[in-house]
Amino acid sequence: MKNMKHTDNMDSIFNPSVTDALIKLDPEDGPHFVEYFQTHAMLSREKAQLQASVRDQRKLLVENGKLKKDIEQLKTQLQDKQKRRTAKVLFSPAPPPTTTSPAPNTETAAVPNNPPPPSSQDRRDRQSRRKKGDRKARPSSDSLSLVAEPRVDVSRLDLRVGRILSVRPHPLAETLFVQEVDVGENAPRTVVSKLGAQTDLEELQGVLAVLLCNVKACKLRGVASKARLLVCSVSDDDVIERLAPPTCSDPGDRVTFLNYPGEPDKELQSKQRLWETLQPDLQVDSKGVANYKGCGFEVKGKGLCRAPSLTSCNIK
């Protein structure tokens, strides 16, 4: 009886007929088997409930993440709308002032006043006044056009590494020399430059140099120069050295400046005198490194451009 009461008090999970059959088969251990099976069944049920709750939690986390993304998108959309509204308010023209027209005078309206016809002189005066008013009212095209001023920095110079293939004296000038330089193009460029009296022409053949390649081609004493060879010198023009790029450079490598990114001009306009404006800031520092306003001449991934032996001098 005691075992029967114990099994009746527990939550019955099995069919009562199955429970009765187990107890009849083994009156002593039957209730224990039933309790054991019920305990395992309850544990399995609780485990299933826990797994379901974990799945629900994961679903909630995913939904919360989606909601957060939606909220962020709505925030950005609201901010964009507020910016557009603010810009519209700031840049929209002010409404014209409202003027109250005076009430019509019935007495004067009742009596028609026919003015005398204007004379030819009056018509000419009115036409001249209209023309003057049109000239004052028409804004100039220069004031309406918003033209962005071009940047004035070294990024507009097309500086490249070149290999000097040959050097010869200029036929018509003692201080000038003619070089054929490979700058990575299909054909070498002819360059006319001024070199120092102590320059060994044989040592220049085959060496690397830095050239300004977007200058306008011009004739120097009858020979067309299509680039500018960058050299460094002190106050005495007899001591002139070429600016040397890194030894691992190749012809055509561009010389760039970390603080001045940008693409160079296709061709420098002589009217703008950009080279003359930038040239005073092109210098060699005390360590022999070429720089523009403290930013080094760099061949990306290969190193800096230097003067072979000079320091603290100008670049020409």
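**A walk through the salt bridges, cores and sheets**

Eight salt bridges turn up in this chain when you count them. Keep in mind as you look around that the model is predicted.

Let's begin with the charged pairs. Side chains of opposite charge can pair when their charged atoms come close. Take R156 and D265, whose side chains meet in a salt bridge with an N to O distance of 2.8 Å. R156 sits in the loop between α6 (141-144) and β1 (159-169), while D265 belongs to the loop between β10 (255-256) and α8 (274-278), so this pair ties together parts that are 109 residues apart in sequence. R156 is also buried, because its relative accessible area is 4% and the cut-off for buried is under 20%.

Just along the chain, D158 and R160 make a salt bridge of their own, at 3.0 Å from N to O. Are these two buried or exposed? D158 is buried at 11% relative accessible area, and R160 is buried too, at 16%. This pair doesn't stand alone, either: D158, R160, E185 and R189 are linked in a network of salt bridges.

For a pair that isn't buried, go to D250 and K302, where the closest N and O atoms of the salt bridge are 3.2 Å apart. D250 lies in the loop between β9 (240-242) and β10, and K302 in the loop between β14 (298-299) and β15 (303-304), so here the parts tied together are 52 residues apart in sequence. D250 is partly exposed, with a relative accessible area of 41%, and K302 is partly exposed as well, at 27%.

Now step back to the chain as a whole. It has eight helices and 16 strands. Of its 316 residues, 26% count as buried. Looking at contacts with a separation of 6 or more, 64% come from residues 24 or more positions apart. The accessible surface adds up to about 23,200 Å², and carbon and sulfur atoms hold 53% of that.

What about the strands? Strands of a sheet pair through backbone hydrogen bonds, either parallel or antiparallel. Start with β1 and β2, which pair in the antiparallel sense over six bridges and form a hairpin with six residues between them. If you want a landmark, S166 has E180 in β2 as its bridge partner. Strand β2 (residues 176-182) has six of its seven residues buried, so the rest of the structure largely encloses this strand.

From β2 you can carry on to β3 (residues 189-194), since these two strands also pair in the antiparallel sense over six bridges. Here V178 finds its bridge partner in V192 of β3. The β2 and β3 hairpin has six residues between the strands, and G184 takes a positive phi near 85 degrees in it.

Elsewhere, six strands build an open sheet in the order β9-β8-β16-β11-β12-β13, with antiparallel pairing. Its edge strands are β9 and β13 (295-296), each of which pairs on one side only. At the β13 end, two bridges join β12 to β13, and these strands run antiparallel. One spot to look for is Y292, which has C295 in β13 as its bridge partner.

What fills the inside? The largest nonpolar core has 28 residues, and the members that touch the most others are L157, L159, L230, L243, V255, F297 and I315. Several elements chip in: β1, β4 (208-212), α8, β11 (282-284), β12 (290-292) and β16 (313-315) each supply at least two residues of this core. Zoom in on V255 and, leaving out residues up to four places away in sequence, you'll see that V255 touches L159, R160, V161, V210, F297, E298, V299 and C305. Another core lies apart from that one, with 16 residues, among them F177, V191, L211 and C213.

Last stop, the surface. F33, Y36 and F37 form a nonpolar patch there, with about 320 Å² of accessible area together. F33 is found in helix α3 (residues 30-91). Is F33 buried or exposed? Neither label quite fits: F33 counts as partly exposed, because its relative accessibility is 43%.

How values were computed. Residues are numbered from 1 along each chain as its sequence is written. This is a predicted model: local features need pLDDT of at least 70, side-chain atom pairs count only at pLDDT 80 or more; totals for chains, interfaces and linings use all residues. Side-chain values use heavy atoms; hydrogens and water are left out. Patches are made of residues with over 30% relative accessible area and no salt bridge: like charges are joined within 9 Å, nonpolar side chains (Val, Leu, Ile, Met, Phe, Trp, Tyr) within 5 Å. Accessible areas come from the Shrake-Rupley method with a 1.4 Å probe; for residues, only the protein chains shown count as cover. A salt bridge is a side-chain nitrogen of Lys or Arg within 4 Å of a carboxyl oxygen of Asp or Glu. Helices (H or I, at least four residues) and strands (E, at least two) are DSSP runs, numbered from the N terminus. Buried means under 20% relative accessible area, exposed over 50%, partly exposed in between (1.4 Å probe, protein chains only). A nonpolar core is a set of buried Ala, Val, Leu, Ile, Met, Phe, Trp, Tyr and Cys residues joined through side-chain atoms within 4.5 Å. Contact means heavy atoms within 4.5 Å. Two strands pair if DSSP finds at least two bridges between them.
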